[in-house]
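Here is a friendly briefing to read with the structure open beside you. It goes from the overall fold to the ligand, the core and a handful of single residues.

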Amino acid sequence: MAKLVLVRHGQSLWNLQNRFTGWTDVPLTEKGREEAKFAGEVLKYSGIAFDVAYTSVLIRAIETLEIILQVLDTEIPVIRDAALNERFYGDLQGLNKDRTREIYGKEIVHLWRRSYHIPPHGESLEDTANRTVPFLKRAILQDVTDGRNVLVVAHGNSLRSIVMYLEKYSPEEIMNVEIPTGIPYVYDIDRNGKILSKRF
Ligand SMILES: O=C(O)[C@H](O)COP(=O)(O)O
């Protein structure tokens, strides 16, 4: 059995400003760095010894992972891959989320943000899953089923697509899943890839 731990990056500048971010490469805020430290402390307390870490190629996730690894005081291989990037939010990137609701209406903006099939002027969650899940299977879960403890630091929607796959959620169920910043999700997974337990 090994552990798969998922962490969403700490608060970014555009999270603070309530703007659609997607692939825009914005840094963490001071609060975001504190959240990353907190995630590191929680993981240190849990005593998990990680063997490898994965993250996206976006600075908010890379920095969050660096802070966690500093707190854990460990040097492990880090694999950065664009497959773990946030969903591409297309024309919405840069727009304020409240302003977008005023312009287009609350219902459609909610569908853009949380539905599985409807693309928000960019990638739908399904499009995002079509790049995250193959990477999850061929790299991350391969490590876990080989017995390695794996830490993944990624993004709200790239992690929603991964959690949807792991938990076998339906498109309806995934609509209600929110991933908070800086809170580790810990899965115990056996050598056949079966989830034995999970805790947040
Ligand atoms: O890209 C973004 O704006 C956020 O990381 C996630 O946004 P959402 O919660 O609006 O999907």
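Helices here are DSSP runs of H or I with at least four residues, and they are numbered from the N terminus. By that count, T100 belongs to helix α4. Please keep in mind that this is a predicted model. The protein has 8 helices and 6 strands in all.

**Overall fold**

- Reading along the sequence, you meet the elements in the order β-α-α-β-α-β-α-α-α-β-α-α-β-β.
- The radius of gyration is 16 Å, and this agrees with the value near 16 Å that a compact globule of 200 residues would have.
- The C-alpha trace spans about 50 × 35 × 25 Å along the principal axes of the protein.
- Of the 200 residues, 36% are buried.
- Taking contacts between residues at least 6 apart in sequence, 76% join residues at least 24 apart.

**Around the ligand**

- The residues surrounding the ligand are F20, T21, G22, E86, Y89, R113, H155, G156 and N157.
- Sorted by class, this shell holds 5 polar, 2 nonpolar and 2 charged residues.
- R113 is part of that shell, and it is also one of the buried residues of helix α5.

**The nonpolar cores**

- The largest nonpolar core has 29 residues, and V5, L6, I68, V150, V152 and V153 are the members that touch the most others.
- Strands β1 (2-8), β2 (52-55) and β4 (150-154) each give two or more residues to this core, as do helices α2 (30-46), α3 (59-72), α6 (125-145) and α7 (156-167).
- A second core, separate from this one, has 5 residues, among them Y116, A129, M164 and I174.
- For a look inside the largest core, try V153: beyond its neighbours within four places in sequence, V153 is in contact with V7, H9, T55, A61, T64, L65 and I68.
- I68 therefore appears twice in this picture, as a partner of V153 and as one of the core members with the most contacts to other members, where a contact needs C-beta atoms within 7 Å.

**Helices α4 and α5**

- Which residues of helix α5 (residues 106-114) are buried? They are V109, W112 and R113.
- These buried residues lie on the same side of α5, because they cover an arc of only 95 degrees around the axis.
- An α-helix has 3.6 residues a turn, so residues three or four places apart point the same way.
- The buried residues of α5 pack against α4 (97-104).
- Over in α4, T100 touches L92, L95 and V109, leaving out residues up to four places away in sequence.
- T100 counts as buried because 20 other C-beta atoms lie within 10 Å, and 20 or more is what a buried residue needs.
- From T100 to N157 the C-alpha separation is 18 Å, with their positions 57 residues apart along the chain.
- L111 is also found in helix α5, but with 16 other C-beta atoms within 10 Å it is partly exposed.
- The C-alpha atoms of L111 and M175 are separated by 8.3 Å, although these residues are 64 apart along the chain.

**Helix α1 and the loop after it**

- L13 lies in helix α1 and is partly exposed, having 15 other C-beta atoms within 10 Å.
- Not counting residues up to four places away in sequence, L13 touches V26, P27 and T29.
- The C-alpha atoms of L13 and T29 are 5.4 Å apart, while the two residues are 16 apart along the chain.
- Q17 sits in the loop between α1 and α2 and counts as partly exposed, with 13 C-beta neighbours inside 10 Å.
- C-alpha to C-alpha, Q17 and A139 are 34 Å apart in space, and they are 122 residues apart in sequence.
- Is N18 buried or exposed? N18 is exposed, because it has 12 C-beta neighbours inside 10 Å.
- N18 is placed in the loop between α1 (13-16) and α2.

**Positive phi angles**

- N18 has a phi near 60 degrees, a positive value in a residue other than glycine.
- K168 likewise has a positive phi, near 55 degrees, and is a residue other than glycine.
- K168 is in the loop between α7 and α8 (171-174), and its 8 C-beta neighbours inside 10 Å make it exposed.

How values were computed
Residues numbered from 1 in each chain as written. Predicted model: local features only at pLDDT ≥ 70, side-chain atom pairs only at ≥ 80, totals over all residues. Rg over C-alpha atoms; globule rule 2.2 N^0.38 Å. Contact = placed C-beta atoms within 7 Å. Near = placed C-beta within 6 Å. Nonpolar A, V, L, I, M, F, W, Y, C, P; charged D, E, K, R; others polar. Arc of directions from axis to C-beta.
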